[in-house]
Structures are given as structure tokens and as C-alpha cells.
There are 2 protein chains.
Amino acid sequence: MRLLQSLSRGLQTLDYLVEQAKPLRLTDIASYLGVDKSNATHILRTLVACGYATQGTDRRYAASEKMTSSQGSGPTAEAIVATRQQWQPVLKQLTRETGECSHMAVLASSQVWYVDKIDSELPLKVDHPIGSLGPLHCTALGKAFLAFGDAEAEQELKQFTPATLTDHKALATEISKSRDRGYAIDDEEFTSGIRCVAGPVFDEHGVMIAAIGVSGPTVRINDKRFEELGALVEKMCFMRE
Amino acid sequence: MRLLQSLSRGLQTLDYLVEQAKPLRLTDIASYLGVDKSNATHILRTLVACGYATQGTDRRYAASEKMTSSQGSGPTAEAIVATRQQWQPVLKQLTRETGECSHMAVLASSQVWYVDKIDSELPLKVDHPIGSLGPLHCTALGKAFLAFGDAEAEQELKQFTPATLTDHKALATEISKSRDRGYAIDDEEFTSGIRCVAGPVFDEHGVMIAAIGVSGPTVRINDKRFEELGALVEKMCFMRE
DNA sequence: CAGTTTTGTTGCACATATGGCAACTTATTG
DNA sequence: CAATAAGTTGCCATATGTGCAACAAAACTG
């Protein structure tokens, strides 16, 4: 029973790239395989040439989309459920500390998909039903994906309120600001009278898998409190990493 | 720029297997690659040994699940959202025709995960909140996954009501019956006083991705109506294929 | 910012893995 | 039950993959 050595190594490399699910350095791959760097270079170059791996600008290698997402991208049901269970205490704490509704969403088909929420006790509340969808460009949760995930805004930025950003350049600036801040905001851009803040949730590989945020009526959230909420969400999101 | 020949050929073979999406004969693969049968044998044997291809009883070779299905277990968020949108009309129709609640669920971590529902208009109703989880062995939706999907029941079959099947053998018999019927049932096995029926939803590849079902209080569902509901769900599920 | 270390790529030569041939075994067909 | 086609194994020559070492390019570091 003879096997082709170089092919075996190549496939083993693929397995490793898929398993690690993040860009890997040549040296690490070579030492994992137990071969010379030179050999690893050839293997990886072949994988890239055949479309099974990609090389980033930092020279690191990763499995191509062919391997990582054979059809739909995005987290699996398993991952969502696990994340939901892991982060629900955070939602509860957010709502307890702020008195406002908190939500968790994942990315699906260029929209945010609400998968969990904790309702506010107050009579005036924000309610995105679990299972519903929302736009990326004018919700805090959506902007969190634009800022920290690999989501892209739709071509046409639909206007929902006077405050909705409909210009791609303005949106890009805002997303950049969100990245610097560590959280994204929605200042009455989707629904008049509602302000939201949201931060990213990363999985063990550093890939953004979900967003969590707090939403409340503008009447209860002045500029000062708006910033406080943002800081709180940012703290809660990055605490668990 | 030198590439590894045998690795290239191996990956090219994988592409071909994936593209053709059906078991292929050794000779065809060899002639496609333009190599000797002997060489093709070695390549395919290596692919099989590395888990990238499989050889059927008829000796034909096919790409392994690693290549065909998205490697993460369970459907992706994208797939769930798409299925939800596609099948929500069916849920609505089920509730309209029966007056009872209808639900849709996907499989996540050996549990059913409710991702959509249409409420009954009647005052006495069954309510599984969207986003909540349920056991596989004693819900109609869960049994649908056991019967038509590739789910496996937990080791310990927890007892929820006197009617819960806690014996693996009895459960296997019931699952087998479900397969024959075309739908699964839950006769007060999870909650006393509630009867449910559920059928499978398949994607374009014939892989079960979700289950949809109807639930109502036993007082409104006698044996005759129970069967009618099952027939209805079965019809609705298999209609859309 | 120069010196130092680490990492990635290229050239080369040798050993050997690999591909074709042919013989052999196993299935398929008339 | 021939007869033919498909699949697998043995063998050998050489194309080819591998490691070594030199080189180039980042990444640290003081």
C-alpha cells in the first residue's frame, strides 16, 4: 500500500490550515509537518496555485474559501447556540445595569439576524423580535459587523430616518470611528427616537461571530449616557476574550 | 516558480470529484488527468487515506464530506435565514388551516433550536419561544431529525412526562415508524396535555436542514385529528421538494 | 536607526518518490 | 463461459521532490 508522499503532506497541510482557521506562518507549518521550510514553501505555493490556500499581505497562509465555506458563509447553528449560551449572562447584566433592552445578533445574508434579547422592565421599550432581520448600515449591531467583522454594506444604503447615513463615504468614516472607539452606535438612524450601542463578540480564533448591544429611547439616553453605554458595552465585549 | 506535480494532480482530481458531484470511475479520472491508470490509483488511494475522497462498494471514487458539505456541523446562519423565509408561508398556512401553533427548528448541539413560529389565535396555546432549545427524543421536531436527519439521541433519555420514551429500543422503533409514516409525533411525551406532529425540510442537496411541526393541546386533538394533522404536515413538507 | 535576529524565498544537487509500462487479478457483458 | 473491460500490483528509470545552504526581507531591540 503505497501512498504519494507529497500529496499526503499537501492534504495534511490543508487539514492543518482548516483546523487552525487562521492565517499561519510558514515556519509553523513546516515544523508541524516536520519538513524543511523550503519544502513547505513549495507545498503552500502549490496549494495557492491550485486555489486551495491563500497568502495574505503579511505572507501568512490560510485555507481558501473552497475549504472554509463550501457553500454559505457565516456561523453554524451550533456556534450560534453556544455563543448565545455563553453570552446571555452578559446581556442580562447589561439590561440589569442599564435598564434598557439588550440584543445579540449574528450575520446572515448581509443582514443582522437577532438571535437573543433581554427585555427592559420599563414600559417604553425597544423590541426587535428574536428571529427578525435588520439592515447593516443603520443599526449599531450591523455597524459592529462592518467595523469588526468581514461584512460589507449593501450597494444601496436605504434611508429609514433623516439621520440615516446614505452616503458610502460618510458610512466608511463612521465605521472607522467605531473601530477606534471599540463599539458602534446608532443615533436614530434606523428608528427615530431610538439610540443603540453595540460591540463585537469574537470566537476562539479571533473571528467575529456575533454582536451584542443595548438599545433605548432617546428620551432616556442623553449624549453623556450614550457615551457611558458605549463604554460599558465595549468593556463587557472585550472582557471575555 | 516550480510546483509540486503530484500535489497539483491530487488537487486537480479533488476539483474534478467535487465538480462532477457523483462517484467516478478510475478510468475516467485517469483519462481526465491524462495519466496512467496506475498513477490515478495512487492519487486516489492517497486522497482516500487522507480523508478527502471515499471509495464506494462499486469501487467508484467520490469527494468526501469534507469537500462536499460545509465542514462545520449544522446549517449556517445564512442557510437558516433563507430556509426560514422560504418556509414561513408554510407555517402560516399550517396555522391557518389547523388553528394551532406551528414551529420551525434546526439542529444544534444535539438539541432542537426553535427558529420560527406562528402563534395560534386561540386562547389556549403552545408556545416555544424562538431561540429556545428542546430535547430530541421527546419532541416531534426532534424526532423528525432522528428519523430523517443524521441526528443521534443522547445517551440518557430524560423523562419529562409519564409518556416519555426513556428506552433506546422503544425510541428506535418509534423513529422507524416515523420514517415509514413520513412524519414524527409527540404524544404528551415532553409536556403533558400537548400533542405535536412534525416533518422534515430538505435543502437542494437532499440534506435535512430543518423540521416544521404543529402543536396543540390534547383536548383539541383527538386520535383522528392527530392523524389528520400528521398527514397535513407530511403533505406540506414533501410538496416543496 | 543601525545592528541583530528571525522569517521567508531561491538555487542547487542528490536521493528517491513517482509515473509509465506490462503483467496480473477482478468485474462486466454478450 | 468465453471475451472484454476495469482495477490493482510489481518493477524500473528518471523526473521530481527534499534538504542543505545561501540569500533576501522583515521584525525586533537597544
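**Group meeting: two protein chains and a DNA strand**

Chain A has eight helices and eight strands, taken as DSSP runs (H or I of at least four residues for helices, E of at least two for strands) and numbered from the N terminus. This is a predicted model: local features need pLDDT of at least 70, side-chain atom pairs count only at pLDDT 80 or more, and totals for chains, interfaces and linings use all residues. Residues are numbered from 1 along each chain as its sequence is written, while chains are lettered from A and ligands numbered from 1 in the order in which they are written.

Staying with chain A, its C-alpha atoms fill a box of roughly 70 × 35 × 30 Å along the principal axes. Of its 241 residues, 44% are buried, which is to say that 20 or more other C-beta atoms, placed from the backbone, lie within 10 Å of the residue's own.

Now the pair of chains. A turn of 180 degrees and a shift of 0.9 Å along the axis lay chain B on chain A with an RMSD of 2.6 Å, superposed by least squares on C-alpha atoms of residues with pLDDT of at least 70 in both copies. That is the relation of a two-fold axis.

Where they meet, 42 residues of chain B are in contact with 40 residues of chain A; contact is C-beta atoms, placed from the backbone, within 7 Å. On chain B's side, α1, α3, α4 (65-68), α5 (77-98), β3 (101-108) and β4 (111-118) each supply at least two residues. That side divides into 22 nonpolar, 16 polar and four charged residues. Nonpolar here is Ala, Val, Leu, Ile, Met, Phe, Trp, Tyr, Cys and Pro; charged is Asp, Glu, Lys and Arg; the others, Gly among them, are polar. The copies meet through the same surface, because 93% of the interface residues of chain B are also interface residues in chain A.

Next, the DNA. Which residues are closest to DNA strand D? They are A:V35, A:S38, B:Q5, B:T27 and B:S38, out of 19 that surround the strand; near is a C-beta atom, placed from the backbone, within 6 Å of it. α1 (5-20) and α3 (37-49) of chain A, with α1 (5-20), α2 (26-33) and α3 (37-49) of chain B, each supply at least two residues of this surface. By class, the surface has three nonpolar, 10 polar and six charged residues.

Last, α1 of chain B. Its buried residues are B:L7, B:R9, B:G10, B:L11, B:T13, B:L14 and B:L17. Just after this helix, B:A21 takes a positive phi of about 55 degrees.

Notes
Contact = placed C-beta atoms within 7 Å. Buried ≥ 20, exposed ≤ 12 C-beta atoms within 10 Å, placed from the backbone.
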